[in-house]
Amino acid sequence: SISWKNAQDNIIKNRIFSIRDKITTQVAHDIKSPLAALEIVMDDIKELPEDSRELTLNAINRIQEIANNLSKGGAEVEESKAHSSCLISYTLMATINEKKLELQSNSGLQIKLHDLSDHQNFIGINSTEISRAISNLINNSAQALNYKGVIEVTLKKLDDKVRITVTDDGAGFPDSMLGTEIVRGNTIGKDDGQGLGLFHASETISKAGGEFEIFNDSGATVEMSIPLANNPSWFASNINFSSHDRIVVIDDDRSIHDLWKRVFKSKKITKSVIHLQTNREIEKGMSSVCDNDLVLIDHDLRYSKNGIELIQEKKFKHVVLVTSGYEQEDVQKFCVENEIQLLPKYLVGYL
């Protein structure tokens, strides 16, 4: 009877896996059509303000990566994740902004980010995975608070690791959950809950060699300690302004030019700076760039060509690609192959 029961259990498990694979394949297939439509209108969002454009591009890229992961399947996805990393400060900021927008109709709910790091730390987790984990934890807190209260996400750098803490001012975790293993399917006070959020976050951190802990401290608290990863070879960890004759800033957003001006002033950089923003300024100004000028250029320009195309065409000798789209694989590959520094635009204010 035991053998028969085990055989029946295996049959049921195999059926579940088969059905799940079919659903996954179908979702991956179906999601490609709306994604294709989004990609068609991506050129149109160049007219949006920088912050709105960045939020939209991040959302599209995340959906695209999720669809690709569904298409590839488990083993391939796990292998690709093992070789990926993300700038955790930027990923958290983008995730929090996305959650604020998603939950903005709940006026009694506040989501706060406290970034106490140096903003230049990479961890060995795919940005989509860590973003999904944080998003799920925020959803859990929001539902536990009945969408009235405060959720705080804190990032700190501690020697060779970073610590992310997600806490709320609600009733906290039930005693039955504290000090026990986090298992799939264990949901708290949600009739339609599947118990995936906490389990997925724990599994994501564990696979990266990190530590995951839940406890109560004036509310439910989730604490994640994650080892730091090496900075990617494309990352502009520092920029040498002193060895160049002039600095040329090419960006279609005036706020970025203003930000660079503040950076140059705070760093007491007195070199001549040329700012090119409009199509006319870019067209005219690029021809005057000299070999020893340092070019700081955006990638997603409201111009007939993007940053990479202009770099290839003008053959700038000294250039840093400064873009919010730094996570795009083709952008990173271009910079590595051409030994060009890549600076996430988010970090301009923290140079």
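Trainee: At what angle do the axes of helix α6 and helix α7 cross?

Mentor: This is a predicted model, where local features need pLDDT of at least 70, side-chain atom pairs count only at pLDDT 80 or more, and totals for chains, interfaces and linings use all residues. Residues are numbered from 1 along each chain as its sequence is written, and side-chain values use heavy atoms, without hydrogens and water. Helices are DSSP runs of H or I with at least four residues, strands are runs of E with at least two, both numbered from the N terminus; axes are lines fitted to C-alpha atoms, for helices over the stretch in contact, with angles from 0 to 180 degrees between N-to-C directions. The axes of α6 (residues 127-144) and α7 (residues 197-207) come within 9 Å and cross at roughly 145°.

Trainee: How many residues of the contact of α6 with α7 are charged?

Mentor: Contact means heavy atoms within 4.5 Å; among the residues that meet are Glu 129, Arg 132 and Leu 137 in α6 and His 200 and Ile 205 in α7. Ala, Val, Leu, Ile, Met, Phe, Trp, Tyr, Cys and Pro count as nonpolar, Asp, Glu, Lys and Arg as charged, and the others, Gly among them, as polar. The contact has six nonpolar residues, five polar ones and, as charged ones, two.

Trainee: On to the rings: how many aromatic pairs does a search of the whole structure find?

Mentor: Rings of Phe, Tyr and Trp (its six-membered ring) pair if their centres lie within 6.5 Å; planes under 30 degrees apart are stacked, over 60 edge-to-face, and the rest tilted. By that rule, the number of aromatic pairs is nine.

Trainee: How far apart along the chain are Phe 122 and Trp 234?

Mentor: Their rings pair edge-to-face, at 5.9 Å centre to centre and 80° between the planes. Phe 122 lies in strand β3 (residues 122-123) and Trp 234 in the loop between β7 (220-229) and β8 (246-250), a separation of 112 residues.

Trainee: And what is the angle between the planes of Phe 122 and Phe 235?

Mentor: This pair is edge-to-face with centres 5.0 Å apart, and the angle between the planes is 75°. Phe 122 in β3 and Phe 235 in the loop between β7 and β8 are 113 residues apart, but to come back to your question, the angle is 75°.

Trainee: Is Phe 235 buried or exposed?

Mentor: Buried means under 20% relative accessible area, exposed over 50%, and partly exposed in between (1.4 Å probe, protein chains only). Because its relative accessibility is 5%, Phe 235 counts as buried.
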